[in-house]
Structure formats: C-alpha cells, structure tokens
Amino acid sequence: MSAFAPNRRHVLGAGLAAALAPRLAWSREDGVQVLTARPATAPLGAPDLPDTPVWAFDGVVPGPVLRAVAGERFRVLLRNRLDQPTTIHWHGVRLANAMDGVPHMTQHPVAPGEEFLYDFVAPDAGTFWYHPHANSWEQVARGLYGPLVVTPAEGAETGREIVAMADDWRLGEDGAIHESFSSGHDASHGGRLGNWLTVNGRSAPSFSARPGETLRLRLISSANARVMAFDFTGFAPMLLALDGAALPAPEALAGPVTLAPGQRADLWLTMPRVEAGVAAQEVSTGAPTTAFSFDIAGEPAEPLAPPTLSPWRQREPDLGAARAAILRMEGGAMRWLAQAVYNGETLDGRALAERGQFWAFNGVANMAPEPVITLRRGETGLIALRNETRWRHAMHLHGMHFRVVARGGAQVREPWRDTVLMQPGEAVDIAFSADNPGDWMLHCHMLSHTAAGMHGWIRVTPDQA
Ligand code: C2O
Ligand code: CU
C-alpha cells in the first residue's frame, strides 16, 4: 500500500506489538472505546442532493469527539470495515512512537476486517484530531477524521465549548465525492481543492447562544489542501491556543484566523448582546461564505473572562546547543523537478511524473532511506525548511511540537505548533527539544503533496544527549 520502503527495524517491532494486541470484544466499560472505520452516507447539505457516500468513523462525519484526560491512559480499538488497509494517527499528540499510526513505520497497516488497539497517554491538554495515515489523501477526503479533545487532569476547564471541524469537500454534481484522488494536476499544483465547505459535517450549521454569552471554540481544519481563514468579527475573538498548545496569555485577534490543513485554533468568543443570527465567515477565497452561525436569543448571560490554560509541557529548545539540518523542498508546477531519487533510483522529471511524483525533499521524492536529521533524546533539533517551490505547503512534524525561530533570515520566536504554513519561496527555521524517541514523519499536510513526494522523517534515538 505504502509508497515507501518499510523500515525493517520498525516493521519487526510493530509486527510483534500487533501480534500481542488483544482481540476481545471490547466495550466502553473496559475503558476502551471502539472506533469503526466504515462506509456510510452523510448529509453534507448540498441542496436538492441525496446524502453523500462517505467513509467515516462510526459512520458519522466527523467521527465522534473523543475525550482523553492529560496524563491518563487512553485506549481506542480501531476496527477496519473498509476495503483497504488503514490506521489512525493522533495528530499533534506527543505520544509513544508505536502508537503514532504511520503504516510501515510505526505499525503494520490494519487490513480490512482486522483491528488494532491504540493505547497511549496524551501528555498535554488541548485540541487535537485523528485521521488515517494510510492512503490519507483518499481516506481523509472521503470523511475519515474526528476531533480529539484532551482535558487537563486538574483544574478542569469550565464553561461552554463548541468543537467546530471544518472541511473542504470536492463534490460532483450528483453530490458524490469526486473520485479525483490521484490527479497529477492537483498533486503538482495547490493540492486537491474542494468546492463545498462543511463544519461538523454540515453546511453552515447554526449553534444557539445567549446574548453576551462567552464560549470556547475549538476550531480544526481537516481540509486536504485548502488554506482556510475564518473571520469572527462581531465576537470580540481572543486566541487561546494554536495546534493544541496554549499561548502564554489570550490574545485579542485583529483579523481572520488562518488554518492550513491539520492546524487548530482555540478561540474565546463573546456573543453580541442583541438577539440576532451572527455568522462566522470563511474568507480565504475573497468571496465570504458562512462557515457557521450563532442564533442568539434568550436571557442575557454574564460574560466570563477567558480561561487560563495549562502551558504546553515540552522543554524549550536550546538554540545555543542545537543540532541543525536543512530540508530543501523542491518541485511542483513552474519549478518542475529535473531529477530526484525515487525508491532508490535516480529518475528525471518525466519518469517521476509517470509515477505520480512531483516533489522532493533534499533530492528524494517520497520516503528517503535516511532521516532528515538524527537527534539524541533531549537534544535540540533545528531544521531549516527551505521552500524552493512556487506553492504554499503546510509542514507537519509528528511526535513533538516546534517553534518557528526564524523567518526569512529574521529571528523570531513563534508559539508552539505542529504544523507551519510556508509561503512560496519562504525560509522558515523550526526548533524543538527532541524529547520523544522514535522515527517521526515530517511531511506536507496538503495530502496530495504528501502522496506526490513531500514525505520525510526524522529520528530521535533513545539514548540521552
Ligand atoms: Cu495529520 Cu502525518 O498527519
Ligand atoms: Cu505541500
């Protein structure tokens, strides 16, 4: 299934783990939640159209909101009722490597009819999400994704919250998902952009709220490729967290919140004091569309101050003692690859295109045999991401969050994130404390770019630095 050569050491380890995975009839009473990936239909809301055939966790889009407690054991049994192998990746969670859900790297793909027990501890409270990492460019586009909310162990966050998961679907005129998953044009340009926006699997849903009410919005993008921007004018928006990680203090937002594929933002919203319907707009295309709205009615509520969130618990990177590497991102339309190594062979651009490969990291299309960088546990990694393409990319690191510490050569210190949006030609340096051993993916989260070559990895060895 996978486009890359398996890493033998990990395949053996994961095979053993898979063989040991219990195969009992689990239930919620055992503390294990069962999540079944299966075909279903969903009312995505295209007017006058029948429900859309999708693939979905437990048959709903998005899949159920899973809730874990920071620092406590969390178990989900994945059952695969699809006709192709799958896995679950817990996007943004600093979990044990064997539970990261990357086929051929951290586990065997879960075959149709098989199951796999995910059993881990999420160390940080925040907003995360889950999705397959097998054939993700098709499986996520067909509806396989859901929110994961991790709540703090102590000092429970109080007050109302809404989880809003936004997706950009490509629907045909019959309301069915367009089957263009491997379009070379999409893959070599901006990725598979859609034509239909949903939030929580609905077109422009509306939530009820009281005048003046304050609430926490957990906003998640599961789009394949579209960079979305949400305008909360009228709600006095404050930004609380990015990609699950709390900011040092809430920040008033001056403009729209941009979410690249995979990114999240936690916001504190204050409802207007009037009875009205007020919309949050998606504004990335210049033609604002209602993403969702609030029906404001009833007794006025006393606004609350934004909550103080527990800080992201990862150690700060130590730039003075960092081990550095460069990651040159090349290819795509208008800067076509002259050549790259693919599956061990050096091929020219045309031969690569015939194999669906349009992008390369450090001259290798798709998984290189060697990691971008090898770090010892506790060391600081500094990766110079160089976007030498004419396209935007959403670079995502598994297993650890990072800070952007330089942009365009200027030193900065941006909030913790797991996915950074890069502009065409942009140079971004990311730094992180490598405190989670294992082999971790570093890839573009525009999923047709992932499929077409933007697939790399790093290694953190277990020995202490
Ligand atoms: Cu959200 Cu490697 O993925
Ligand atoms: Cu990309």
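**Paired strands, a copper site and aromatic contacts**

In strand β30, Ala427 is the bridge partner of Arg386. Two strands are taken to pair if DSSP finds at least two bridges between them; strands (E, at least two residues) and helices (H or I, at least four) are DSSP runs numbered from the N terminus. The model is predicted, so local features need pLDDT of at least 70 and side-chain atom pairs count only at pLDDT 80 or more, while totals for chains, interfaces and linings use all residues. Residues are numbered from 1 along each chain as its sequence is written, chains are lettered from A and ligands numbered from 1 in the order in which they are written, and side-chain values use heavy atoms, with hydrogens and water left out.

The bridge between Arg386 and Ala427 belongs to a wider pairing: β25 and β30 (residues 427-433) run antiparallel and are joined by seven bridges. Both strands take part in an open sheet of six strands, whose order is β23-β20-β25-β30-β27-β28 and whose pairing is mixed. At its edges lie β23 (359-361) and β28 (410-411), each of which pairs on one side only.

Strand β25 (residues 380-387) also contains Thr380. With a relative accessible area of 3%, Thr380 is buried; this term means under 20% relative accessible area, whereas exposed means over 50% and partly exposed lies in between (1.4 Å probe, protein chains only). A polar atom of the Thr380 side chain lies 2.7 Å from the backbone nitrogen of Asp318. Not counting residues up to four places away in sequence, Thr380 touches Pro317, Asp318, Ala321, Ala322, Arg323, Leu375, Phe432 and Ser433, where contact means heavy atoms within 4.5 Å.

A second open sheet is formed by six strands in the order β10-β9-β12-β17-β14-β15, again with mixed pairing. Its edge strands, β10 (196-199) and β15 (245-252), each pair on one side only. Within this sheet, β12 (residues 214-221) and β17 (residues 264-270) run antiparallel and are joined by seven bridges. One residue pair can be named here: Arg216 has Trp268 as its bridge partner in β17.

The copper ion (ligand 2) has three protein donors: His393 (ND1), Cys444 (SG) and His449 (ND1), at 2.0 to 2.1 Å from the metal. Donors are N, O and S atoms within 2.8 Å of the metal (3.2 Å for Na, K and Ca), and sites may look incomplete because water is not among the atoms. Along the chain, the donors of this ion follow the spacing H-x50-C-x4-H. Cys444 is buried at a relative accessible area of 0%, and His449 is buried with a value of 0%.

Aromatic pairs number 14 in the structure. Rings of Phe, Tyr and Trp (its six-membered ring) pair if their centres lie within 6.5 Å; planes under 30 degrees apart count as stacked, over 60 as edge-to-face and the rest as tilted. The rings of Phe128 and Trp312 have centres 6.2 Å apart and planes at 35°, so this pair is tilted. Phe128 lies in strand β7 (residues 126-131) and Trp312 in the loop between β19 (289-296) and β20 (322-331), so the pair ties together parts that are 184 residues apart in sequence. Phe128 is buried at 1%, and Trp312 counts as buried at 7% relative accessibility. Phe292 and Phe294 form an edge-to-face pair, 6.0 Å centre to centre with 80° between the planes. Phe292 is buried at 0% relative accessibility, and Phe294 is buried with a relative accessible area of 0%. Finally, Phe57, Phe74, Trp90, Phe116, Tyr118, Phe120 and Tyr130 form one aromatic cluster.

Methods. Polar contact = N/O pair within 3.5 Å; in protein donor to acceptor, adjacent residues only side chain to side chain.
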